[in-house]
Structures are given as structure tokens and as C-alpha cells.
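Dear colleague,

I am handing over the structure below, and after it you will find an account of what came out of the analysis. Please read the two side by side.

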Amino acid sequence: MARGKRKIYDDDDGRVIAPMNISGMPWHSEKSGLSAQTMPSQLIQEKQEKLTLRENIAFTFGVLKAVSLVLAVFLGTFLAFILFCIYVWFR
């Protein structure tokens, strides 16, 4: 393949899967509409919705339940290890 010529693929439809136009990189181009730095913040601002009080409380309790489950597993494992040490290992 000669330098400067691009290989043409049959299945390429021209869509961009992951934009690599990042400011600060040598290949950064201002003329493309959205750069990788500004695109996520624009999408967040467009799709951001306010949660109601009821949804906020449900979200908080869901997080607390998940954290308490993980904490219970760690404490149970620790307790089982202590009991194993007392009754099996150190006898």
C-alpha cells in the first residue's frame, strides 16, 4: 500500500463509533462540530432530568440497601474467619 492512500473497506458506512478528536492532541481539528471533550457535557445537559422527592428517597434507600448487603457479607466472612481460628485452627 502506497503512503498517503487509504484502504477502502466494503463494509464501512462512514459512521463514527468513537470520536477521537480530543483537544490537546496533534490531530485535533476545530472544524468538526463536537469534540470529545464537549460532547459528554452537552449530552448530559440535554438529557438531565430532576428527580422528584419520592424518587430521590427511593434512590437513597436503594443505595443504603446495597451498601448494607456488601457490609453484611464482609462482616459475616470476618466473623466466620474468627470462629474458624478459635474453634479449629488454634486447637
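Phe78 has a relative accessible area of 54%, and because this is over 50% the residue counts as exposed. Please keep in mind that the model is a predicted one. Phe78 is placed in helix α2, which covers residues 53-89, and it contributes to a nonpolar surface patch of about 1200 Å². The other residues that make up this patch are Leu79, Phe81, Ile82, Leu83, Phe84, Ile86, Tyr87, Val88, Trp89 and Phe90.

Some of the aromatic rings are also paired. A pair of aromatic rings is described by the distance of the centres and the angle of the planes. The count comes to two aromatic pairs. In one of them, the ring centres of Phe84 and Trp89 lie 6.3 Å apart with the planes at 40°, so this pair is classed as tilted, the angle being neither under 30 degrees nor over 60. Trp89 also pairs with Phe90, and here the rings are stacked, with 5.6 Å from centre to centre and 15° between the planes. Through these ring pairs, Phe84, Trp89 and Phe90 are linked into a cluster.

As to how open these three residues are, Phe84 is partly exposed, with a relative accessible area of 42%, whereas Trp89 counts as exposed at 52% relative accessibility, and Phe90 likewise counts as exposed, at 62%. Phe84, Trp89 and Phe90 thus appear both in the ring cluster and in the nonpolar surface patch.

With best regards

How values were computed: Residues are numbered from 1 along each chain as its sequence is written. This is a predicted model: local features need pLDDT of at least 70, side-chain atom pairs count only at pLDDT 80 or more; totals for chains, interfaces and linings use all residues. Side-chain values use heavy atoms; hydrogens and water are left out. Patches are made of residues with over 30% relative accessible area and no salt bridge: like charges are joined within 9 Å, nonpolar side chains (Val, Leu, Ile, Met, Phe, Trp, Tyr) within 5 Å. Accessible areas come from the Shrake-Rupley method with a 1.4 Å probe; for residues, only the protein chains shown count as cover. A salt bridge is a side-chain nitrogen of Lys or Arg within 4 Å of a carboxyl oxygen of Asp or Glu. Helices (H or I, at least four residues) and strands (E, at least two) are DSSP runs, numbered from the N terminus. Buried means under 20% relative accessible area, exposed over 50%, partly exposed in between (1.4 Å probe, protein chains only). Rings of Phe, Tyr and Trp (its six-membered ring) pair if their centres lie within 6.5 Å; planes under 30 degrees apart count as stacked, over 60 as edge-to-face and the rest as tilted.
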